[in-house]
Amino acid sequence: MSQYLDGVRLLHHKDQQTTTDATLTFAAGAQDETLPTVGVAHALEHLVMSTVRRLPITIDASVDTTTTSFMASGSPARVGEFLNGICAALSDPPVERLEVEAGVLAAEDGWVTHPMAALLYNVRYGNRGAGLDWLDGPGPDGLTGDQVIAFARKWFTADNAVLQLTGPIPDGLKLSLPTGRRPRHDRYAARSFDGPVAVGFGVPGAAVLLSLPDGDAARTSVLATDVLQQRIEEMCRHVGGHSYVVDSDSVHQPDGTTDWVLYAEAREGTEDAVAQAVAEALTDLAANGPSEQELRLALDRFDEERATIDPELSAEFAALRRELFEEPEGEPLDPDRVRAVRPDELAAVLRAALPSAIGYATEESLEQWTKLGFRAVPLCPVGGELPAGQEFRPHRVARLFSREAREMTLVLAPDGLAVRDNDGVHRLPWDGVAGVMRTADGTTVVFGADGCVFPVSGDLYRGGAKVVDELERRIDRSLWFKESRFKAEAD
């Protein structure tokens, strides 16, 4: 029978220990922000944790793309004090500390996920949802107390939380969270491509995003990503000596798929070797499958994990997670079916994912992907011809000395903006604007929901002030924000 504490779902792990370990998780993370509120989940987490910072036990908190969690380990009484304090602060965030915490957040300079994963999510989903992980937004100093409070009230409710406890349940728990209808997560269409593609940027390393089906009894997609990560780590770290960090990240989708990103950082001067290793690991495993040794290690990891968890609670948590994120229910895990998986089944999973795969490497190393059949594409969508409308060109001096400027044209059309640059034509309808930023030097930067980003100003285009005026007239003020002073100072 399901257990609840003050409306919060409780998963109590049976254990004879006298101390208590607690994790309070909310189905809300960076993907639930908007461009003008990027970082609000992290800011809220900092504000809330500041209220319990003097407790003499081990405490922690984290924000990722999809969830926010608060953790504590210690005596039952102290863990209960922690949970009560966290819930009280979430119900009434101490936003008077926001200015102080903004400086702390700027000093931390942390990423919700690894930059390579964040970039690939942005390529796939644009400047929204999981794609926001890549963007700075207004910075911690640009958030307001009202934005923090609104985010907390919407997402940090009893109906949107699960509490996992190991050890004694603390006496006097009072999880004073708001109750009400569980919020719905916005869903966004993924950017599609004609065959596998690759993008380039300056983060040293290589990565790939694969969309894989979820929920079969043998969990073949999980095993496939396990052997792929194992192969990448073997070649990039243990054989080549090029990488230290080799890891993965994932975002579940409501259609029963998961976007997996596998990445390897590159030591300076080894970017080509790492890109080659990642690209060849994927394409070889898709063609030939893993070796018996690679598959055996993946299955041994599965058995080891099963031996160290409570299978019933693990299954209950997985079902609850699907409920919170409105994901389809998969088949029950069948351990015997997992152990019977063969190499050709994993090869088939990866092979089916190749047409929609997105590879990543530094711009100088993209050849390692293109020589294996991946097509290099820009970071944001381009295509077609410039629409009819009023045209603006860069200033004459810029065109004289810059080939890039000579190729640029900005068009103000009735239904939106369009820009032609050396990548192609970017089109942005008015209802596709995700945000507009004012930089410290007065430039206006427009962010499209599809991922396009381009500057608009009188300094860049002759007559560009007219375009800025039109943006101010058409785009709701809630979508405008200023560039973070921390970002401007760093630049």
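These are my notes on one helix, its packing partner, a strand residue and two loop residues in a predicted model.

**Helix α7**

I began with the length of α7, which covers residues 271-288. At 1.5 Å a residue, its 18 residues should span 26 Å. I found the end C-alpha atoms 25 Å apart, which agrees with that expectation.

Next I looked up which residues of α7 are buried. The list holds Glu271, Val274, Ala275, Ala277, Val278, Ala279, Ala281, Leu282, Thr283, Leu285 and Ala286. I kept the general rule beside it: an α-helix has 3.6 residues a turn, so residues three or four places apart point the same way.

I then checked what comes after the helix. Gly289 follows α7, and its phi is positive, near 80°.

**α7 against α11**

For a pair of packed helices I need the angle between their axes and the distance between the axes. The partner here is α11, residues 343-353. The axes of α7 and α11 come within 6 Å and cross at roughly 125°. That angle lies between 115 and 145 degrees, so I entered the two helices as oblique to each other. The crossing of α7 past α11 is left-handed.

Which residues meet in this contact? From α7 I noted Leu282, Leu285, Ala286, Ala287 and Asn288; from α11, Ala347, Leu350 and Arg351. I sorted the residues of this contact into six nonpolar, one polar and one charged. Leu282, Leu285 and Ala286 were also on my list of buried residues in α7.

**Leu410**

I moved to strand β14, residues 409-413, where Leu410 sits. Is Leu410 buried or exposed? Its relative accessible area is 0%, so Leu410 is buried.

I listed its contacts, leaving out residues up to four places away in sequence. Leu410 touches Gln390, Glu391 and Phe392, as well as Ala418, Val419, Val456, Tyr461 and Val467. I also took one distance: Val425 is 15 residues from Leu410 in sequence, and their C-alpha atoms are 9.7 Å apart.

**Two positive phi values outside glycine**

I looked up Asp6 because its backbone caught my eye: phi is near 50°, positive in a residue other than glycine. Asp6 lies in the loop between β1 (3-5) and β2 (8-13). With 43% relative accessibility, Asp6 counts as partly exposed.

Glu326 is not a glycine, yet has a positive phi of about 55°. I placed Glu326 in the loop between α9 (311-324) and α10 (335-339). Its relative accessibility is 27%, so I entered Glu326 as partly exposed.

Technical notes:
Residues are numbered from 1 along each chain as its sequence is written. This is a predicted model: local features need pLDDT of at least 70, side-chain atom pairs count only at pLDDT 80 or more; totals for chains, interfaces and linings use all residues. Side-chain values use heavy atoms; hydrogens and water are left out. Helices (H or I, at least four residues) and strands (E, at least two) are DSSP runs, numbered from the N terminus. The expected span of a helix is 1.5 Å times one less than its number of residues. Buried means under 20% relative accessible area, exposed over 50%, partly exposed in between (1.4 Å probe, protein chains only). Axes are lines fitted to C-alpha atoms, for helices over the stretch in contact, and angles run from 0 to 180 degrees between N-to-C directions. Angles under 35 degrees count as roughly parallel, over 145 as roughly antiparallel, 65 to 115 as roughly perpendicular and the rest as oblique. A crossing is left-handed if the near helix is turned anticlockwise from the far one by less than a right angle, and right-handed if clockwise. Contact means heavy atoms within 4.5 Å. Ala, Val, Leu, Ile, Met, Phe, Trp, Tyr, Cys and Pro count as nonpolar, Asp, Glu, Lys and Arg as charged, and the others, Gly among them, as polar.
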